[in-house]
Amino acid sequence: MTKLNELHEIAMEFADQAYIAKRQGNAQLAEELTRKAFESETAAAELIKADLSAEPSRSVLFRSAASLALECGELREAERLIATALVGNPPTEIAEELRDLLEQVHFSRHLRLQNVDLTIGELQLSIAGSVVGYGIALSEVLVERIKDMERLIYRTVERKLGREFRERGSAKKTIQEGYSLYIATPRPGSFAVTLRLGRQMELPGFDLSGDVLDEILECFDLLNSKQEEKLRAKIPQEPYYHNFLGLAKRIAPDGAKVSMVGLTKIKGESEVNLAITRTQENISHSASTSMLKKGETGALVSVTGRLLLADARKASGKIQLVEESGTPHNIVVPEGMMDDIVKPLWDENVTVTGIKSGTRIYLREIIKAE
């Protein structure tokens, strides 16, 4: 058992170092350290493989090794490690975690390009979950995410072009024509579609298509790994930052209908895959706190009602939500959220969360009510 503990401690040390390297932006070192952690943890798990009574240690070790295998892209090995753990007698909670991990492994396989050639200006969007089958998906969970991705693309183009944030109206015609979003034939499995950014009938010349999609993938990666400080540094403009968080939250898995959302693209000679597993409820928004005046305080509240009135004449807009009882609530909307986040929910039953100060609620997030 001493050898097992030693290997496990070595694996955890490598994993901690890999985490630090990734936080510091050293992807190559993080990858090397993660692989060392995977090899040590797998060796530790193999030492206890035959002892089915050694629970929960046995299943915990195999779960850890499988998780590291997934990070290293060793999908077949991850499957084997999970299967070995499930063959034993893992506690119910750990068994569920192993099955969830297996779902992530299967989804990671779907993220990879199989008989699909992507160009620099193309992105594969994949979804998996309870409403997704083989070649079929509930329309609202796919269509709404594609619409939000289109909004996010236009905003990213405008930001990279150095434009001031557009609080209302559509993107300029030159941007819409130069960076239109086209959708290729859906594919089965987890259900994947190719989103093509550029012109329909000709190859784009020198444009931002590849850079825009790279930027979106990098921002989602930072959000998924809970590196909000780096994300804010990458999007320093407050309106653009609030806008990205709002749209990314809607694209992310809801944890019920959609369990995972994946993005795949080509960067240079490599295929880049990202499985977004951070759910909507775990993505917070701090816009409401930053809107409070100096010395002003408030309490976090949530109210549900119909979104009926809106005033978007100023950068920080105002909306009114009316509860079923007829009680109205005046809500202040931060810059970057009115047009893309609030407007699509017009006349819907919504739940608003924000900081209440006096008679106003400063919006933190708004979602369609169940």
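Is Glu74 buried, partly exposed or exposed, and what is its relative accessible area? Glu74 is partly exposed, at 31%. The points below place that residue in its setting.

1. Overall make-up. The model is predicted. Its protein has 370 residues, and 47% of them count as buried. The secondary structure comprises 12 helices and 12 strands. About 19,000 Å² of the protein is exposed, and carbon and sulfur atoms supply 50% of that area. Among contacts with a separation of 6 or more, 64% are between residues 24 or more positions apart.

2. Arg35 and Glu74. The structure holds 25 salt bridges. One of them joins the side chains of Arg35 and Glu74, with 3.1 Å from N to O. Arg35 belongs to helix H2 (residues 27–47), while Glu74 sits in the loop between helix H3 (57–71) and helix H4 (75–87), so the pair ties together parts that are 39 residues apart in sequence. Arg35 has 29% relative accessibility and counts as partly exposed. Glu74, at 31%, is also partly exposed.

3. Arg155 and Asp340. A salt bridge also forms between the side chains of Arg155 and Asp340, at 2.6 Å from N to O. Arg155 is in helix H6 (residues 139–160) and Asp340 is in helix H12 (residues 338–342); the pair links distant parts of the chain, 185 residues apart. Both Arg155 and Asp340 are buried.

4. Asp339, Lys343 and the network. The side chains of Asp339 and Lys343 meet in a salt bridge of 3.8 Å, N to O. The two ends have opposite surroundings: Asp339 is buried, with a relative accessible area of 16%, whereas Lys343 is exposed, with 55%. Through shared partners, salt bridges join Arg155, Glu158, Arg166, Asp339, Asp340 and Lys343 into one network. The Arg155 and Asp340 of point 3 therefore belong to this network, as do Asp339 and Lys343.

5. The five-stranded sheet. In which order do the strands of the open sheet of five strands run? The order is E4-E5-E1-E6-E7, and the pairing is antiparallel. Strand E4 (181–183) and strand E7 (270–276) are the edges; each has a single partner strand, so one side of each is left without a neighbour in the sheet. On average, neighbouring strands of this sheet are turned by 25 degrees against each other, direction ignored.

6. The E4 edge and helix H6. E4 and strand E5 (residues 192–197) run antiparallel and are joined by three bridges. Across this pairing, Ile183 stands opposite Leu195 in E5. H6 packs on the sheet and touches strand E1 (122–128), E4, E5 and strand E6 (260–267). The direction of H6 makes about 145 degrees with that of E1. H6 is also the helix that holds Arg155.

7. Aromatic pairs. The count of aromatic pairs comes to two. A pair of aromatic rings is described by the distance of the centres and the angle of the planes. Phe165 and Tyr240 form an edge-to-face pair, with 5.0 Å centre to centre and 80 degrees between the planes. Phe165 lies in the loop between H6 and helix H7 (173–178), and Tyr240 lies in helix H10 (residues 238–251), so the pair ties together parts that are 75 residues apart in sequence. Phe165 and Tyr240 are both buried.

How values were computed. Residues are numbered from 1 along each chain as its sequence is written. This is a predicted model: local features need pLDDT of at least 70, side-chain atom pairs count only at pLDDT 80 or more; totals for chains, interfaces and linings use all residues. Side-chain values use heavy atoms; hydrogens and water are left out. Helices (H or I, at least four residues) and strands (E, at least two) are DSSP runs, numbered from the N terminus. Buried means under 20% relative accessible area, exposed over 50%, partly exposed in between (1.4 Å probe, protein chains only). Contact means heavy atoms within 4.5 Å. Accessible areas come from the Shrake-Rupley method with a 1.4 Å probe; for residues, only the protein chains shown count as cover. A salt bridge is a side-chain nitrogen of Lys or Arg within 4 Å of a carboxyl oxygen of Asp or Glu. Two strands pair if DSSP finds at least two bridges between them. Axes are lines fitted to C-alpha atoms, for helices over the stretch in contact, and angles run from 0 to 180 degrees between N-to-C directions. Rings of Phe, Tyr and Trp (its six-membered ring) pair if their centres lie within 6.5 Å; planes under 30 degrees apart count as stacked, over 60 as edge-to-face and the rest as tilted.
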